[in-house]
Amino acid sequence: MKSILKYFPNLTDTQISQYEALDAQYRDWNAKINVISRKDIDNLYEHHVLHSLAIAKIINFRQGTTIVDIGTGGGFPGIPLAILFPECKFTLVDSVGKKIKVASQVAEAIGLTNVEFINDRMENIRQNFDFAVSRAAMSLDLLIRVCRKNISKAGKNALPNGLICLKGGELEEEMKPFRKTASLYSISDFFSEEYFSTKKAVYLPL
């Protein structure tokens with residue numbers, strides 16, 4: 001939790017208690033259904049929660065913004081973002097039922113009311129959203145292919161509607177087709193921890 005408060009010092013008491021509750025929830029569920037590497041559960045806040053919140057350093061979602069999380073797994077980045085932006089609406093999508101079960105149960109347990117969960121492939125989703133977010137779920141071109149149809153044209157934020165995804169490693173080849181329109185961010189510019197030295201975020205207006 002210290003790392004969260006270090007970079008987000010203005011959290012409300014409700015937000016702090018919701019973030020604090022994530023540890024016990026994910027430890028409990030991870031013992032039953034492995035959604036986070038067992039070796040990595042001790043790094044929940046830095047490797048999963050704070051990493052998810054890098055998106056909040058790129059954009060401050062305005063009230064009423066709708067966001068879809070593609071391939072949410074156990075709820076990342078969707079759940080940490082939904083806590084931070086309680087006046088926005090989040091839809092978390094994953095094709096694996098047990099992962100959606102964990103994410104939905106965690107959200108219910110901590111009292112998140114601005115999230116819904118869909119157990120399906122993004123290709124089958126017909127709703128419109130202002131933004132799509134994702135955390136290393138698939139390649140950039142595939143992400144765009146599955147969500148372009150879902151991004152609404154009318155925007156309300158400082159950035160035009162589009163896709164924001166969290167990536168790691170070498171992205172030069174993956175970025176080539178989009179280099180004229182995409183923005184690449186080094187997460188180490190936001191967070192000083194060593195873990196983020198190779199982590200990136202990509203924003204692409206759609």
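This is a short walk through the structure, one selection at a time. Keep in mind that the model is predicted.

**Stop 1: the strands in the middle of the tour**

Start by selecting residues 89-94, which make up strand β2. Five of those six residues are buried, so β2 is largely enclosed by the rest of the structure. Now add residues 66-70, strand β1: it runs parallel to β2, and five bridges join the two. On the other pairing, add strand β3, residues 115-119, which is also parallel to β2 and pairs with it over five bridges.

Zoom in on Leu92 in β2. Which residue is its bridge partner in β3? It's Phe117. Leu92 is also the bridge partner of Asp69.

**Stop 2: the helices that connect them**

Next, colour residues 78-84, helix α4. Together with β1 and β2, this helix makes a right-handed β-α-β unit. Then colour helix α5, residues 97-109: β2, α5 and β3 make a right-handed β-α-β unit too.

Before moving on, look at the loop between β1 and α4, where you'll find Pro77. Most peptide bonds are trans. The one joining Phe76 and Pro77, though, is cis, with omega at about 10°.

**Stop 3: helix α2 and its charges**

Select residues 13-32, helix α2, and show the side chains. Arg27 and Asp42 meet in a salt bridge, 2.8 Å from N to O. Arg27 belongs to α2, while Asp42 is in the loop between α2 and α3, 15 residues apart. Arg27 is partly exposed, at 36% relative accessible area, and Asp42 is exposed at 60%. Add Asp23 to the selection and you have a network of salt bridges linking Asp23, Arg27 and Asp42.

Stay on the helix and pick Lys32. Its salt bridge with Asp28 is 3.3 Å from N to O, and the two sit four residues apart in α2, about one turn of the helix. Lys32 also lies over the face of Trp29, 4.3 Å from the ring centre. Lys32 is exposed, with a relative accessible area of 52%.

For another lysine over a ring, select Lys57 and Phe8: the charged end of Lys57 is 4.6 Å from the centre of the Phe8 ring.

**Stop 4: a salt bridge with a buried end**

Jump to Asp130 and Lys156, whose closest N and O atoms are 3.1 Å apart in a salt bridge. This pair links distant parts of the chain: Asp130 is in the loop between β3 and β4, and Lys156 in the loop between α6 and β5. Is Asp130 buried or exposed? At 3% relative accessibility, Asp130 counts as buried, whereas Lys156 is partly exposed at 35%. In total, the structure has nine salt bridges.

**Stop 5: the aromatic cluster**

Select Tyr7, Tyr185, Phe190, Phe191, Tyr195 and Phe196, which ring pairs link into a cluster. The whole structure holds eight aromatic pairs. One of them is Tyr185 with Phe190, a tilted pair with 6.3 Å between centres and 40° between planes. Tyr185 itself is partly exposed, at 24%.

**Last stop: two cysteines**

Finish with Cys147 and Cys165. Why is there no bond between them? Their sulfurs are 9.0 Å apart, so they're too far from each other for a bond. Both count as buried, with Cys147 at 0% relative accessibility and Cys165 at 0% as well. The disulfide count for the structure is zero.

Methods. Residues numbered from 1 in each chain as written. Predicted model: local features only at pLDDT ≥ 70, side-chain atom pairs only at ≥ 80, totals over all residues. Heavy atoms only, no water. Phe/Tyr/Trp six-rings, centres within 6.5 Å; stacked < 30°, edge-to-face > 60°. Buried < 20%, exposed > 50% of the residue type's maximum accessible area, 1.4 Å probe, protein only. Lys NZ or Arg CZ within 6 Å of the ring centre and 35° of its normal. Pairing = 2+ DSSP bridges. Right-handed = clockwise from strand over helix to strand, strands pointing away. Disulfide = S-S within 2.5 Å.
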